[in-house]
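Biologist: I am new to this structure and would be grateful for a close look at a single part of the model. Please take the metal site and describe how it is built.

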Amino acid sequence: MLTEDNYYDNDNHWKYMSVSQFKDFMSCEAKAMAKLNKAIPKENTEAFLVGNYVHSAFENEKSHETFLTNHESDMLTKAGKIDCLNVEEGYFVDLKTTADIGKRYFSPRYRKWVSFVEEYGYVLQMAIYKILLGEKYNKEFTPYIYAVSKQDPPNVQAIDFINARFTHELEYVEQNIEHILKVKFGEQIPTPCGSCDYCRANKVITGFIEVEELIDKENINGNNKS
Ligand SMILES: [Zn+2]
């Protein structure tokens, strides 16, 4: 059983898939596998069992229910990590610290500039919390983020979400989870992103690229992750 004590054991990184592990695989499959194989501990304490949950949910209704029954207490131990949960009123608030609340990031995944909330996968995290709490208490929950910047003095902002964001995130997991699980369990070869610290440390030059291609990430990586 997954508990606070064994949550960071490497065994569990093989058995379960957290939101942060899912994010690791989406940013660089090669680095994610290296992390798993070297038992590098995760730093994100807000990790969640997204893979198992979503995967079983989409297989069929029965496996979904079995999974929820078996893991309910584990998942809700993690959901206790939510900073403020109001079951009666049907909402929860998660506190997030970030460098600058208004900072924008260019996201290859969204193919546009995004906020820190999208960049750090918090929409997906809120979507999973929302589903799990909904299952547990049989009611609709509204997620909020209370953001605090690391500036001096800090900026603060209360943030809500339109529902379409959650649908979009869950579809994204659904589209990618099968491939990620195949990579994780050795059925498919991990694709290097070509630009993270792991890939830079292990890079071997195999040819030239033209100047124009320098700012086209896919050409530098030599992969076609379409
Ligand atoms: Zn990489």
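Modeller: The following account treats the metal site and the residues that form it.

The model is a predicted one. Its zinc ion is held by four sulfur donors, namely the SG atoms of Cys28, Cys193, Cys196 and Cys199, at 2.2 to 2.4 Å. The angles among these 4 donor atoms run from 103 to 116°, and the site of the zinc ion is tetrahedral. That geometry is assigned because four donors count as tetrahedral if all angles lie between 85 and 135 degrees.

Along the chain, the donors of the zinc ion are arranged with the spacing C-x164-C-x2-C-x2-C. In that pattern, x164 stands between the first cysteine and the second, while x2 separates each later pair of successive cysteines.

The surroundings of the donors can be described next. Cysteine 28 has a relative accessible area of 2% and is therefore buried, since buried means under 20% relative accessible area. Cysteine 193, at 7% relative accessibility, counts as buried as well. Cysteine 196 and cysteine 199 are also buried.

One further point concerns the sulfur atoms. A disulfide is a covalent bond between the sulfur atoms of two cysteines. A search of the whole structure finds 0 disulfides. Cys28, Cys193, Cys196 and Cys199 instead appear as ligands, each coordinating the zinc ion through its SG atom.

Conventions:
Residues numbered from 1 in each chain as written. Predicted model: local features only at pLDDT ≥ 70, side-chain atom pairs only at ≥ 80, totals over all residues. Heavy atoms only, no water. Disulfide = S-S within 2.5 Å. Buried < 20%, exposed > 50% of the residue type's maximum accessible area, 1.4 Å probe, protein only. Donors = N, O, S within 2.8 Å, 3.2 Å for Na, K, Ca; no water. Tetrahedral: all angles 85-135°; square planar, octahedral: opposite > 155°, others 65-115°.
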